[in-house]
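The following questions and answers are intended for a reader who has the sequence and the coordinates at hand. Please consult both while reading.

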Amino acid sequence: MPPAHARPPGSEPVDILLVDDRPDKLLAAEAVLEPLGERLVRARSGEEALRHLEQADVAVMLLDVHMPAMDGFETARRARGRERSRQTPIIFVTADDDDATLAQGYALGAVDFIRTPIVPDVLRAKVAVFVELFRTRRQLEREAERVLSLNEELEAFSYSVSHDLRAPVRHVGGFVDLLRRRTEGTLDETARRHLDTIGRAATHMGRLIDDLLAFSRMGRAEFMRKRVDLSRLVRELRSELGPPGQVDWQVNGLPEVSGDPAMLRVVLSNLLSNAVKYTRTRARPRIEIGAQPGEAAETVIFVRDNGVGFDMRYADKLFGVFQRLHGSDEFEGTGIGLATVRRIVHRHGGRTWAEGTPDGGATFYFSLPDHGEG
Amino acid sequence: MSDLRRILLAEDSAADLELTLEALGQHRLANEVVVVRDGAAALDYLYRRGEHARRPEGNPAVVLLDLKMPKVDGLQVLKQVKADESLRSIPIVMLTSSREEQDLVESYRLGANAYVVKPVDFGRFVEAVSQLGMFWAVVNEPPPGSVARE
């Protein structure tokens, strides 16, 4: 039968430090802990234990209280005072279990006591708990390190994208324009159309790069929580969208919410310009923005239009990067706007969804969790 | 246009150089442009050393400095110019492909006078560059010690 607390297959053994001045007791502890499959490190004195703690991370230290020269309590005190062993769990081994001894031990940061004579199963079980904790913590630390370095990589990546990808796009657009001027009056219509196509493609590529960078930035940018007056934000965005034209705007009962003002501006800006874009072909474009009750402790905002709508079968695709439900000849766009919206709303802890029917308009919703007075 | 002043343009990309000169040329500013192709050459010009040892005295009215260049990049040139008593009054305009927050912050921290992102759209690029040229080489009154043509 395999031991109850065996080392997970494939994992590195971790150090368990056994500190006792008596070799027979060390041997006994080793025999008990051997089945754990970890590395057992012996120290015959407090000094020797401290030397090892300087050089290696230890999952748990089994520390005899009564030792000549430096006793267990003094050893613990010094271990606590050092950076590397500040957090090392200590189990004291002692025959005295009077309250004063226990109190002193716990004050020095002991996590547990083991009474002699040792009960093998109890000792093994206690040590196994700390070994598992140590292993889990180390795994988390490694994971955190990996995420950190991935983030740095991403940062460097988007920096080069924004520098190095933009330049050639600018060159294509620029030289097409120079070519157009230089050949004015000498090219036939087809050739001129080709030049226009190249120029438009370069402009579109430039927009794609900008949108992708904005999308990536929204995932990394620092989050600043403030009170945001949504009706004021919508008012500002509407004036940025240009003259009201024929759109019949219905803006009602927008609340103040708690969130990042710059990010929420991006959300509403995307939703509003989408609504304007997809109602463009309507004789009487109508866009309604409002709030409605959601689940407990959240606010739901919606943007409803009477535009071209979409087929609910593709509703999932709407919020994906580069996903478009309309041809770019029909409606321009990069397919990144709604992905950015979703990313921002998720960072706020909210949800996004949409309803629509082909040719029957669309409604886009997002929720924001209430955040007290935030 | 009687009072054109000299512009130092530091740009490593041949394509960008041509586009920039084209844009300046549309406003007849191109004759007054001295071109260097990296940051080291820009410093040589400003310090009148190396291949620019024999150039006439006087500072350019403005330096248009590409941010990313081989050898010595734009930020390093900027740093050195603004740290030098005899050069620090020369207006420096950073030209770059992108509006990266870290570059923007660093440029102004080092004392840049302006920071311009080259627009992807060529029409807007021409407009931006010629406005820059017009402002710094014609409209703006440069610090004493700047020269007109060579």
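Q: Which exposed residues does the face of H5(B) turned away from its buried side carry?
A: This is a predicted model, in which local features need pLDDT of at least 70, side-chain atom pairs count only at pLDDT 80 or more, and totals for chains, interfaces and linings use all residues. Residues are numbered from 1 along each chain as its sequence is written, while chains are lettered from A and ligands numbered from 1 in the order in which they are written. A residue is exposed if 12 or fewer other C-beta atoms, placed from the backbone, lie within 10 Å of its own, buried if 20 or more do, and partly exposed in between. On the face of H5(B) turned away from the buried side, the exposed residues are Gly123(B), Arg124(B) and Val139(B).

Q: Within what arc do the buried residues of H5(B) fall?
A: The buried residues of this helix are Phe122(B), Phe125(B), Val126(B), Val129(B), Leu132(B), Gly133(B), Trp136(B) and Ala137(B). Seen down the axis, they line one face of the helix, because they fall within an arc, taken from the directions from the helix axis to the C-beta atoms, of 135°.

Q: How far apart are the end C-alpha atoms of helix H5 of chain B?
A: Helices (H or I, at least four residues) and strands (E, at least two) are DSSP runs, numbered from the N terminus. The expected span of a helix is 1.5 Å times one less than its number of residues. For the 18 residues of H5(B), residues 122-139, this should give 26 Å, which agrees with end C-alpha atoms that are apart by 24 Å.

Q: Which helix of chain A is included in what covers the buried residues of H5(B)?
A: Contact here requires C-beta atoms, placed from the backbone, within 7 Å. From chain B, the cover includes S1 (7-10), H1 (14-25), S3 (62-66), S4 (92-96) and S5 (114-117). From chain A, it includes helix H5 (120-182).

Q: Which element gives the most to the side of chain B that touches chain A?
A: In this interface, 14 residues of chain B are in contact with 14 residues of chain A. H1 and H5 of chain B each supply at least two residues of the touching side of chain B. With four residues, the element that gives the most is H1(B).

Q: What are the edge strands of the open sheet in chain B?
A: Two strands pair if DSSP finds at least two bridges between them. The five strands of this sheet follow the order S2-S1-S3-S4-S5 with parallel pairing. Pairing on one side only, the edge strands of chain B are S2 (33-36) and S5.

Q: Which residue in S5(B) does Thr96(B) stand opposite?
A: All five residues of S4(B) are buried, with Ile92(B), Met94(B) and Thr96(B) pointing one way and Val93(B) and Leu95(B) the other. Four parallel bridges join S3(B) to S4(B), and Leu65(B) stands opposite Met94(B). S4(B) also pairs with S5(B) in the parallel sense over four bridges, where Thr96(B) stands opposite Val117(B).

Q: Which element of chain B has the highest mean pLDDT?
A: pLDDT is the predictor's confidence in each residue, from 0 to 100. Chain B averages 87, and H5(B) has the lowest mean among its elements, 85. The highest, 95, belongs to helix H3 (residues 74-83) of chain B.

Methods:
Contact = placed C-beta atoms within 7 Å.
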